[in-house]
Amino acid sequence: MNKNAGNNRVVKPVASLVMVMILTLSLTVTAFAAARVTLNVAMEAGRMADAAKSVVPEFEKLHPDIKVNVVPLPYTTMQQKVMTELTAKSGAYDIIESHFLMNVPFVAGDLLLPLDKFIKESNVDFGDFVKSMADQTTLAGKASKINPKGSIYGLPYNSDVMMFIYRVDLYKKYGLGVPKDWRQAVNNILKINGSEKGVYGFVFSGARTDNSHAIFDFYNIALNLGGTLPINDEYSPRMNTPGNLEALKILYELVNKYKATPPGVEEYRYAEKNTAIAQGRAAHMTQWMLSCVKSLEDPSESRVSGKIGYAAMPGGKAISGGWTVSIVGTTKHPKEAFEFIKFLTNKKNNLKLALEFGNGPVRKSVILDPEFKKAYPFAQALLEGLEGGVNIFAAAPDVAVWPELTDIVNFALTDGIFGRLSPQDALVQADKKLKDALHQAGYVK
Amino acid sequence: MITKSSGNPGKILKLLKLPSRSPFIGALRYSILIILTFIALFPLIWLFMTSLKNEIDIFARPPVLVFRPTFQAYRYIAKMGFLEKYFLNSLTVATLTVVVSLVIGGLGAYSLARFRFTGNSFLAFIILASRMLPGVVLVIPLYLLMQRFKLTNTRTALIIAHTAFNLPFVVWILRSYLASIPRELEEAAMIDGASRLLAIRKVIAPLSTPGIVATAMFTFLSSWNEFLFALNLTFSPEAQTMPVAVTGFISARGIAWGELSAAATIMLLPGLLFGIFARKYIVSGLTRGAIK
Amino acid sequence: MRDAVKRLSDFVEKRIAVLFMIPTIITLGLVLFFPLLYSLTISFYRWSVARPFLGKTFVFFQNYSKALTDPAFLVAIRNTFVFTFFAVAVELILGIAVALLLHGNFKGKTFFQTALFLPVVTTPVAVGIIWRILFLTDVGLIPYLFQLAGFERVTFLSSPVLAMVAVIFVDIWQTTPFAFTLILAGLSSLPSEPYEAAMIDGATSWQRFFYVTLPLLKPVIVVVLLIRVMDAFRVFDTIYILTGGGPGSATESVSTFTVRTAFQYFNTGYASALAYVVFIIIAVMSYLMIKGFKIETSEL
């Protein structure tokens with residue numbers, strides 16, 4: 001009897017285990033038989049994810065065997081999340097939306113699929129993408145250490161360029177002209193700052209952390225004064241150059257000498273700039289154009305709708321940027337994934353998403369489309385801006401440590417702007433820290 | 001301390017002689033208390049008010065005290081699935097953390113309270129020492145380990161981390177509660193033939209209910225409020241808890257003040273409810289956790 | 001025979017003791033102590049989890065020597081000490097004061113006690129949000145009040161000193177209830193004899209406070225001090241939300257700096273070393289306090 005009991009004790013669990021296994025197995029098999037291919041797409045929560053979601057039903061109708069699941073991720077944690085999933089090769093995503101900063105480490109780590117073969121074999125009109133923007137965001141056309149063949153990693157999905165934004169009504173009132181260079185721009189800023197009560201001349205991102213745009217606002221000035229990007233092709237830091245110093249001094253003086261910026265500008269990131277302009281508290285800024293138009297022109301949010309001018313950056317050089325959709329190396333369905341990103345970025349959808357969601361157009365044919373021109377009167381300026389735009393991350397050599405480098409530059413710039421260090425010292429500091437970081441990452445000995 | 005005078009608080013009060021000697025001192029006490037209360041409560045009220053304002057009222061200068069309340073922000077966060085995603089995640093993580101850490105910690109506490117065995121005091125020390133561990137020293141290796149076991153971005157990861165982090169505290173508090181239950185009670189039950197487990201279930205568990213409730217509330221809040229691990233171990237709505245989710249409203253692309261304060265208000269509710277209606281338990285957990 | 005039975009039951013008892021302890025030991029071992037050791041090994045490498053292609057190099061103590069010469073980290077350490085010192089000092093003093101105010105019976109005691117207690121049960125992230133709403137220059141009520149008073153450019157979160165004041169203030173707001181709750185509990189269990197003796201000696205109420213109450217409360221105060229110092233030194237949530245460490249590095253704490261290094265820059269090896277430095281500082285401080293105040297661990 002004892003023996004029997006002992007046997008039972010072993011037999012029972014084993015039997016139930018086997019049964020459970022069989023059950024799961026059969027369930028999975030039936031599930032697979034019935035399943036369509038599912039593509040998980042990681043996208044930034046908000047406009048861009050919503051836009052992508054809106055074309056999914058039509059895509060699924062065209063491809064009944066493919067199911068697309070857009071996973072929106074808030075920007076604050078997106079980079080880390082995608083980085084973690086990709087480096088762990090977890091297979092959580094088949095497609096990711098990303099910008100250059102994210103793409104470099106992924107390409108260096110061989111985590112994305114090169115798309116050249118797909119593009120050649122399909123009818124994607126890659127040449128229709130605004131060239132310099134597309135090249136900069138997809139890493140195409142520029143052979144480098146991490147991308148020796150200059151392969152294409154992704155299709156452009158969303159673009160933007162920074163423009164010089166000013167108050168048309170105040171320009172008229174004080175007889176000012178759209179500035180051709182930063183000297184004129186500073187004059188205009190000071191004129192309005194001194195004359196118009198309750199309106200500060202200029203506003204910029206003064207926060208130092210969390211994707212601050214200080215670096216962009218700075219380079220919109222510096223690039224036009226002969227400034228240099230944070231590192232050169234030999235991975236040498238070069239923040240401390242005459243052009244950069246001049247630009248930094250301009251910002252320093254606007255803040256400290258002329259008090260031409262609102263109090264609290266040091267807390268400003270991307271959005272607070274918009275708010276200051278929209279509330280009529282400041283007269284100028286440099287800003288990502290497409291993403292600010294809505295909040296500046298919507299009368300329910302803005303007191304200055306219709307009074308805003310959008311001009312090319314004084315001096316002509318501006319920061320540009322963009323997002324791509326790329327295929328993750330671990331995907332089991334590369335073909336289907338390519339079908340989707342092709343669909344998402346084709347002319348029809350690119351136009352539709354630009355008009356309906358305010359996505360930045362990535363195709364020349366879309367920007368020149370009459371419908372788009374009607375909605376965005378400054379389409380021509382946009383195209384020029386995108387074509388001449390400088391993506392500071394892409395223009396510098398590919399390094400996988402941009403988040404850290406950006407922070408170093410932001411810290412140093414804001415230290416210099418707000419007088420915690422002299423502008424010169426701030427730039428010297430930046431170079432020293434950049435060198436350290438590049439060394440720590442193993443880029444320089 | 002020789003004698004505890006819990007029997008005559010009135011006497012001590014008289015001897016301490018701070019209050020009520022003169023009406024002036026009484027009034028002074030009340031005015032200070034009222035000011036302090038204002039400082040303690042006003043920020044919470046202001047948050048709630050902000051959550052009911054529309055964008056224009058939020059930015060209004062001078063700030064408005066009287067305005068037409070709108071539930072727009074609450075509607076928006078309900079529509080984006082805040083409740084069924086993040087609120088539910090927070091609730092799941094906190095509840096399971098409570099259950100798991102009470103079961104594990106309860107056994108450990110019982111063992112520490114009732115038995116003298118080698119290593120008892122050493123364990124007590126370890127438990128205390130682990131309370132000193134700063135979160136940053138653990139979050140990095142836990143992130144790496146969770147990633148290796150494909151647990152990043154799961155609620156399981158958070159439950160594991162929160163359980164481990166709360167466990168020393170749970171053991172500590174429960175041990176102190178259990179130690180205050182005379183061991184004669186269960187010994188009597190055991191002499192009557194009950195097994196130890198039965199004695200625990202029938203005698204100890206009912207008697208230590210207040211202790212368990214206090215510990216549970218404490219652990220719940222600690223998990224509910226936890227941010228560092230949640231921030232770095234989870235990334236998407238399937239696993240993120242509320243403290244992390246609300247940071248989504250503070251992005252470089254703008255701060256959605258209404259939504260932010262609505263979400264923060266919801267996040268504050270359990271703590272405030274506990275604090276108002278069960279302060280006794282929380283206080284007893286606090287004091288027992290800190291002092292023997 | 002009786003002896004044998006007793007020995008047997010003793011043996012079982014002991015086994016139960018160990019058995020009950022096993023889950024705790026396993027959990028703490030696997031989730032606290034093993035990761036701790038793992039982290040220690042990582043701290044000797046130059047390695048990034050996000051950039052495996054850049055390799056993993058054993059660098060001995062290089063990460064530690066870099067940490068101790070890294071100006072940014074040294075600033076973070078200094079800030080954290082400043083924060084801890086002022087926050088805990090004010091919390092203790094205020095905690096004692098509020099405890100004395102709440103001691104005894106008076107009308108509305110429960111209301112005041114509950115109201116003043118509430119900040120301690122609030123979520124730190126929400127607290128950061130609340131005070132950000134109140135302090136931010138554009139929307140904040142507090143800068144507005146200062147402007148009304150004629151201080152046009154008082155900007156709390158963009159002035160290095162005021163930002164630190166703000167961060168400390170928020171911590172005081174949130175954790176003073178912790179201090180006064182414990183001290184109040186200590187007050188209510190004080191013996192009455194020393195007071196009677198003091199009364200007989202004709203001591204004034206100030207004298208009674210300094211020579212009787214405070215010494216009797218010392219054990220509680222020391223425990224509050226110890227716990228608050230350990231907690232304040234690892235402050236993260238409120239700073240992360242309120243200032244993000246800014247302006248400049250004015251409110252950067254060791255935790256925010258380490259987390260940024262680990263999870264934004266992904267310098268995994270270096271960040272592990274930073275975390276260990278923080279751990280060592282806290283351990284040494286706790287040890288000194290425990291020794292200095294002659295606390296027995298069983299007292300905690």
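The paragraphs below lead through a predicted model, beginning with confidence, moving through the parts of chain A, and ending with the contacts between chains.

Confidence is a sensible place to start, since it governs how much of the model can be read closely. Chain A has a mean pLDDT of 86, with 91% of its residues at 70 or more. Two stretches of chain A fall well outside that picture: residues 1-7 have a pLDDT below 50 and make 0 contacts in the model beyond near neighbours in sequence, and residues 29-34 likewise have a pLDDT below 50, with 0 contacts beyond near neighbours in sequence. Where pLDDT is low, the predicted coordinates should not be read in detail. Chain C averages a pLDDT of 88, and 94% of its residues score at least 70. Among the elements of chain C, the mean pLDDT is lowest, at 79, in helix α8 (residues 193-200) of chain C, and highest, at 95, in helix α3 (residues 71-102) of chain C.

Chain A can next be taken apart by its domain assignment, which gives domain 1 (1-33), domain 2 (34-160 + 322-393) and domain 3 (161-320 + 396-441). Domain 2 of chain A and domain 3 of chain A are thus each assigned from two segments of sequence, and their centres, taken over C-alpha atoms, are separated by 28 Å. Their contact takes 29 residues from domain 2 of chain A and 27 residues from domain 3 of chain A. The area buried between these two domains of chain A is about 2400 Å², and carbon and sulfur atoms give 64% of that area. On the domain 2 side, Asp160(A), Ile392(A) and Phe393(A) supply 31% of the area buried against domain 3 of chain A, more than any other three residues.

What kinds of interaction does the rule find across the interface of domain 2 of chain A and domain 3 of chain A? There are 4 residue pairs in polar contact, counting pairs with both residues at pLDDT 80 or more, while the count of salt bridges between the two domains is 0. The side of domain 2 of chain A that touches domain 3 of chain A draws at least two residues from each of α3, α4 (100-108), β4 (155-167), α14 (347-357), α17 (379-388) and α18 (392-395) of chain A. By class, that side has 16 nonpolar, 8 polar and 5 charged residues.

Helix α14 of chain A, one of the elements on that side, also takes part in a salt bridge. The side chains of Glu58(A) and Lys348(A) meet at 3.0 Å, N to O, and the pair links distant parts of the chain, with Glu58(A) in helix α2 (residues 47-62) of chain A and Lys348(A) in helix α14 of chain A, 290 residues apart. Over all chains, the count comes to 17 salt bridges. Phe357(A) lies in helix α14 of chain A as well, and, leaving aside neighbours within four places in sequence, Phe357(A) is in contact with Arg47(A), Asp50(A), Ala51(A), Ser54(A), Lys294(A) and Lys352(A). By way of spatial reference, Phe357(A) and Pro105(A) are 252 residues apart in sequence and 29 Å apart in space, C-alpha to C-alpha.

Between chains, the size of an interface is often given as the accessible area lost when the parts come together. For chain A and chain B that area is about 1800 Å², of which carbon and sulfur atoms give 55%, and the contact involves 26 residues of chain A and 22 residues of chain B. The count between chain A and chain B is 0 for salt bridges and 0 for residue pairs in polar contact with both residues at pLDDT 80 or more. On the side of chain A that touches chain B, β2 (66-73), α3 (75-87) and α11 (270-278) of chain A are the elements that give two or more residues, and α3(A) gives the most, with 8 residues. That side of chain A divides into 9 nonpolar, 10 polar and 7 charged residues.

For chain B and chain C, the contact takes 109 residues from chain B and 108 residues from chain C. The area buried between chain B and chain C is about 9600 Å², with carbon and sulfur atoms giving 78%. Between these chains there are 0 salt bridges, but 9 residue pairs are in polar contact, both residues being at pLDDT 80 or more. Helix α2 (residues 23-51) of chain B provides the largest share of the side of chain B that touches chain C, namely 16 residues, and by class that side has 79 nonpolar, 19 polar and 11 charged residues.

Notes: Residues are numbered from 1 along each chain as its sequence is written. Chains are lettered from A and ligands numbered from 1 in the order in which they are written. Side-chain values use heavy atoms; hydrogens and water are left out. Contact means heavy atoms within 4.5 Å. Buried area is the accessible area (1.4 Å probe) that two parts lose on being put together, summed over both. A salt bridge is a side-chain nitrogen of Lys or Arg within 4 Å of a carboxyl oxygen of Asp or Glu. A polar contact is a pair of N or O atoms within 3.5 Å; within protein, one must be able to donate a hydrogen and the other to accept it, and residues adjacent in sequence count only if both atoms are side-chain atoms. Helices (H or I, at least four residues) and strands (E, at least two) are DSSP runs, numbered from the N terminus. Ala, Val, Leu, Ile, Met, Phe, Trp, Tyr, Cys and Pro count as nonpolar, Asp, Glu, Lys and Arg as charged, and the others, Gly among them, as polar. pLDDT is the predictor's confidence in each residue, from 0 to 100. Domain bounds come from an automatic or database domain assignment.
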